[in-house]
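The exercises below are meant for a reader who meets this structure for the first time. Please work through each task with the model in view before reading its solution.

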Amino acid sequence: NDTTYTVSVSLVENTGIALVTFQDITMVTAAGQMRRDFVANVSHELRTPLTAVMGFIETLQGPARNDAPARERFLGIMQAETERMNRLVGDLLSLSRVEADERVRPVTQVDIVGIVASTIRSLTPLATEANVSFVVDLPEDPVMLAADMDQLLQVFTNLIENAIKYGGRDRNVYVTLEKRDRVNAFRASGVVVSVRDEGLGIDQQHLPRLTERFYRVDSHRSREIGGTGLGLAIVKHILNRHRGRLKVQSKLGEGSEFIVLLPLEQARNSV
Ligand code: ADP
């Protein structure tokens, strides 16, 4: 199938033997292609708002120079577009930091119940704006695990923000956290955090690709609500670092559930 080789031939001196070497460089080529795709995607994502801003500057210098209402409107759009670029650059930096740390095991003990509660508190204004209510079920007592607090805050922020944004106005977002003695994925104890919304849902065919960088089910919708297409990619890398998993269940027309599984027991060979 799609295997790429380099072939080299060398003659072994005084033997009449020719040595033919095949080197499988499929992975190397694939990594190069992924890097090129990523750079192309980033450039495109930055260029779109940049082109809009450049166009509006030109209009403001020319035809709209003395048109006060138009000036106000264009400045508003330029602000929104520069905010989008800023978010994109912020997410790119997060992604590259998270990737750089991926092999360093977190060692600090943190309380995941507190982290989820504080994420909900800080997203309450966003929920209120969309008339979304949180229905929350968290244990009373802390649940401690070795983790990077800021990174877990980012995981739950990204998931709960998506549930608010894609869940639709006037709906509920359900957040639960459970400590289990046995989580099948780890064959050990773990924490299960679920973030569920009552939005449009996601077609099954998209589910395996949601954590790819810049993958969006509906690009127009994502851009409209200010998404960068990197949120779930960041979530995936952070969970990898914590030996966690992300499961997604969704039904079109009914809503989506994003489930984070995190192991509680330190693996014996962990660093
Ligand atoms: P974005 O910045 O576009 O929201 P994400 O990486 O967070 O990027 O999510 C990737 C895509 O997954 C989104 O563009 C959206 O299409 C889909 N998605 C994520 N969360 C939800 C959700 N709760 N309901 C429906 N679709 C979702």
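**Exercise 1.** Find which residue caps the N-terminal end of α2, and describe the helix that follows.

*Solution.* Begin with D67, which caps the N-terminal end of α2 through a side-chain oxygen 3.2 Å from the backbone nitrogen of A70; this is a polar contact, that is, a pair of N or O atoms within 3.5 Å, in which, within protein, one must be able to donate a hydrogen and the other to accept it, and residues adjacent in sequence count only if both atoms are side-chain atoms. The model is a predicted one, in which local features need pLDDT of at least 70 and side-chain atom pairs count only at pLDDT 80 or more, while totals for chains, interfaces and linings use all residues. Residues are numbered from 1 along each chain as its sequence is written, and side-chain values use heavy atoms, with hydrogens and water left out.

Next, take the helix itself (helices are DSSP runs of H or I with at least four residues, strands runs of E with at least two, numbered from the N terminus). With 34 residues, α2 reaches 49 Å from its first C-alpha to its last, close to the 50 Å expected at 1.5 Å a residue, where the expected span is 1.5 Å times one less than the number of residues.

Finally, look at its buried residues (under 20% relative accessible area, with exposed over 50% and partly exposed in between, for a 1.4 Å probe and protein chains only). Among them are A70, F74, M78 and E81, and the buried residues of α2 pack against α1, α4, α5 and α6.

**Exercise 2.** Determine which residues F156 touches, not counting residues up to four places away in sequence.

*Solution.* With contact taken as heavy atoms within 4.5 Å, F156 touches I112, I115, V116, T119, V193 and V260. In the largest nonpolar core, which has 48 residues, F156 is one of those that touch the most other members, together with I112, I160 and I164; such a core is a set of buried Ala, Val, Leu, Ile, Met, Phe, Trp, Tyr and Cys residues joined through side-chain atoms within 4.5 Å.

**Exercise 3.** Is L200 buried or exposed?

*Solution.* First locate L200 in the loop between β7 and α5. L200 counts as exposed because its relative accessibility is 56%. Even so, L200 touches Y166, R221, K251, L252, G253 and E254, not counting residues up to four places away in sequence.
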